[in-house]
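Q: I should like to learn how the features of a protein model are read. May we go through them one at a time?

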Amino acid sequence: MPDEVHPTVEDPRVERARYWRFSGLPDTELLTARFVTTSFTRHTHPTYTIGMITGGIEEYSHPGGRSRVGPGGLAVVGPGEVHTGHAGIPEGWGYRVFYPAREVVEGVGRELGMRGTPGFRESGIDAPEVSRVLVAAHMAAERGERLTSSALLRRGLAMLLRSHGREPVGNVVEPTARPEVELARELLTGALTDPPSLEELAARVGLGPFALNRAFRSRYGLPPHAYLNQLRVDRARSLLAAGRPVGEVASEVGFADQPHLTRHFRRHLGVPPGAYQRALLSP
């Protein structure tokens, strides 16, 4: 009988993730992780997502298509942009991620003379020098170095915006959803714990199920059932940040039980809800 293998932290098969906040970087959350089998479902964040790949390859879809990013590259997604994420090679990928609020990036952009909410010309960005500065900022935050982390983050964001940023073209107006689709979204928002079936939802807004599903996904990037789960996870994050027990949160946002919440939470954020809450509430 072969000897039993006991994986260690250094073993490439081991996944690990830490989602956290640091007082030196207001309005910014952080993630340090190595993923191998983890696969992120189509989801969004209210913040920017700026991930510096430190090992392996991440592959993901985004509004502009699909990207593969390796060491020295950045995976950048704007607020509200639907994206996925999974390993691009069997060994997985490691990365450090900043989730700065819209206001943080807008503030850096204003200092550079940019107007409005900055976007990026591409999502998968090959910029080793920018990545080096942002990784250093991330590591400084991990060590509790408030001045160094904040200074390096602002420097890295400015470098990224100068090299790959873009201003909104003209007066960008959000695409208007047809009234039936907007009504469907409002109905889902108010029915987290007892949502209608697709057929019932379609009947209430006056569209066929297939037409509603297609129009909803075209407008919001997700079909109604996935959008509902996004709403549930977003609401769960707010409740967890307020200190509510995980089991109560699962029930209040409409998941069947705590494991159900955990499964969806990990597919959106990469960490279980309990770990997320401990990170946010720790001093």
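Q: Which residues does Val271 touch, not counting residues up to four places away in sequence?

A: Please note at the outset that this is a predicted model. A contact is counted when heavy atoms lie within 4.5 Å. By that criterion, Val271 touches Ala17, Arg18, Tyr19, Leu31, Phe265, Arg266 and Tyr276. Val271 itself lies in the loop between α9 (258-269) and α10 (273-281).

Q: Is Val271 buried or exposed?

A: A residue is called buried when its relative accessible area is under 20%. Val271 has a relative accessible area of 2%, and therefore it is buried.

Q: How many residues apart along the chain are Val271 and Ala33, and what separates their C-alpha atoms?

A: Val271 and Ala33 are 238 residues apart along the chain, while 9.3 Å separates their C-alpha atoms.

Q: How should one read a pair of packed helices?

A: Two packed helices are described by the angle between their axes and by the distance between those axes. Here, α1 (residues 102-111) packs with α3 (residues 146-164) at an angle of about 70°, and their axes are 10 Å apart. Because angles of 65 to 115 degrees count as roughly perpendicular, α1 is roughly perpendicular to α3. The crossing of these two helices, α1 and α3, is right-handed.

Q: Which residues of α1 and α3 meet?

A: From α1 come Val104, Val105, Gly107, Val108, Gly109 and Glu111, and they meet Arg154, Leu157, Ala158 and Leu161 of α3. Sorted by class, the contact of α1 with α3 holds six nonpolar, two polar and two charged residues.

Q: At what angle do α4 and α6 pack?

A: Helix α4 (residues 179-189) and helix α6 (residues 209-220) pack at about 85°, with their axes 10 Å apart. The two helices, α4 and α6, are therefore roughly perpendicular to each other. In this contact, Val181, Glu182, Ala184, Arg185 and Leu188 of α4 meet Leu212, Ala215, Phe216, Arg219 and Tyr220 of α6. The residues divide into seven nonpolar, no polar and three charged.

Q: What is the order of the strands in the open sheet?

A: A sheet is read strand by strand, from one edge to the other. This open sheet has six strands in the order β1-β2-β9-β4-β7-β11, with antiparallel pairing. Its edge strands, β1 (16-21) and β11 (124-126), each pair on one side only. From one strand to the next, the twist averages 20°.

Q: How many bridges join β7 to β11?

A: Three bridges join β7 (residues 73-77) to β11, and the two strands run antiparallel. Among the residues involved, Leu74 has Ile125 in β11 as its bridge partner.

Definitions and conventions:
Residues are numbered from 1 along each chain as its sequence is written. This is a predicted model: local features need pLDDT of at least 70, side-chain atom pairs count only at pLDDT 80 or more; totals for chains, interfaces and linings use all residues. Side-chain values use heavy atoms; hydrogens and water are left out. Two strands pair if DSSP finds at least two bridges between them. Helices (H or I, at least four residues) and strands (E, at least two) are DSSP runs, numbered from the N terminus. Axes are lines fitted to C-alpha atoms, for helices over the stretch in contact, and angles run from 0 to 180 degrees between N-to-C directions. Angles under 35 degrees count as roughly parallel, over 145 as roughly antiparallel, 65 to 115 as roughly perpendicular and the rest as oblique. A crossing is left-handed if the near helix is turned anticlockwise from the far one by less than a right angle, and right-handed if clockwise. Ala, Val, Leu, Ile, Met, Phe, Trp, Tyr, Cys and Pro count as nonpolar, Asp, Glu, Lys and Arg as charged, and the others, Gly among them, as polar. Buried means under 20% relative accessible area, exposed over 50%, partly exposed in between (1.4 Å probe, protein chains only).
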